[in-house]
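Dear colleague,

I am handing over the structure we spoke about, and below it you will find what came out of going through it. Please read the text with the coordinates open beside you.

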Amino acid sequence: MPYGIFDIWGHTGIKAWQLQIMLTESEGDRWFSKRSRLIGGQRRDLIVAYRNVPCIRIEVQLLYKARNPRSKDDLDFQTCLPLMSAEAKRWLGAGLEVLYPEGHRWQGLLTE
């Protein structure tokens, strides 16, 4: 893939998208965010299984949704918050601090 391609969307002739494949940059065994190379982690830790379906970690997906959160992104955050470990909340909070040093409306909810 050429640098700068981060999403591949697919559908089968209907109006709604049916599949999204998210891509990220990596070097060796580390991945990093397209928004800041200060945000990232081990490649082996990026994908986890939720109900046996491999998915990007909740906190990583929420960090991407945090850029311009819509009401459905706020709902995703509220739904996922009680499912997140303390470590996941810390990771998301640290990422929000890097990307939004002026503050982000989700930050206060991560420490409650």
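D73 has a relative accessibility of 2% and therefore counts as buried, the limit for that class being under 20%. Please keep in mind throughout that this is a predicted model. Although D73 is buried, its side chain takes part in two of the contacts that I would look at early on: D73 meets the side chain of K65 in a salt bridge with an N to O distance of 2.9 Å, and D73 also forms a salt bridge with R70, where the closest N and O atoms are again 2.9 Å apart. Side chains of opposite charge can pair when their charged atoms come close.

The two partners of D73 fall into separate accessibility classes, since K65, with a relative accessible area of 18%, is under the 20% limit and so is buried, while R70, with a relative accessible area of 46%, is partly exposed. These contacts belong to a wider arrangement, in which K65, R70, D73 and D76 are linked in a network of salt bridges. A search of the whole structure finds six salt bridges. One of them joins the side chains of E59 and R57, with an N to O distance of 2.9 Å; here E59 is buried, at a relative accessible area of 8%, whereas R57 counts as partly exposed, at 27% relative accessibility.

Turning to the charges of the chain taken together, there are 16 positive and 13 negative ones, and their mean positions lie 5 Å apart.

Both E59 and K65 lead on to helix α1, which covers residues 58-65 and is mostly covered, with seven of its eight residues buried. Which residues of α1 are buried? They are I58, E59, V60, L62, L63, Y64 and K65, so that the list holds the charged residues E59 and K65 from the salt bridges described above. As for what surrounds them, the buried residues of α1 pack against the strands β2 (19-22), β4 (30-32), β6 and β7, and also against the helices α2 (71-80) and α3 (86-99).

The contact between α1 and α3 can be followed through a single pair of positions as well. A88 is placed in helix α3 and counts as buried, at 5% relative accessibility; the C-alpha atom of A88 is separated by 8.0 Å from that of I58, although the two residues are 30 positions apart along the chain. For a pair with another outcome, take A16, which lies in the loop between β1 (7-10) and β2 and is partly exposed, with a relative accessible area of 46%. The C-alpha atoms of A16 and P54, which are 38 residues apart along the chain, are separated by 22 Å.

Two backbone angles deserve a careful look. R51, which is not a glycine, nevertheless has a positive phi of about 55°, and its place is in the loop between β6 (47-50) and β7 (53-56). N52 lies in the loop between β6 and β7 too, and its phi is near 70°, again a positive value in a residue other than glycine. Are these two residues buried or exposed? R51 counts as exposed at 83% relative accessibility, and N52 counts as exposed at 75%.

For the chain as a whole, the model has four helices and seven strands, and reading along the sequence gives the pattern β-β-β-β-β-β-β-α-α-α-α. The radius of gyration is 15 Å, close to the 13 Å that the globule rule gives for 112 residues, so the chain is as compact as a globular protein of that length. Along its principal axes, the C-alpha trace spans about 45 × 35 × 30 Å.

Of the 112 residues, 33% count as buried, and the accessible surface of the chain comes to about 7800 Å², of which 54% belongs to carbon and sulfur atoms. Among the contacts with a separation of 6 or more, residues 24 or more positions apart account for 39%.

With kind regards

Technical notes
Residues are numbered from 1 along each chain as its sequence is written. This is a predicted model: local features need pLDDT of at least 70, side-chain atom pairs count only at pLDDT 80 or more; totals for chains, interfaces and linings use all residues. Side-chain values use heavy atoms; hydrogens and water are left out. The radius of gyration is taken over C-alpha atoms; the globule rule is 2.2 Å times the number of residues to the power 0.38. Buried means under 20% relative accessible area, exposed over 50%, partly exposed in between (1.4 Å probe, protein chains only). Contact means heavy atoms within 4.5 Å. Accessible areas come from the Shrake-Rupley method with a 1.4 Å probe; for residues, only the protein chains shown count as cover. Lys and Arg count as positive and Asp and Glu as negative; His and the chain ends are not counted. The place of a charge is taken as NZ of Lys, CZ of Arg, CG of Asp or CD of Glu. A salt bridge is a side-chain nitrogen of Lys or Arg within 4 Å of a carboxyl oxygen of Asp or Glu.
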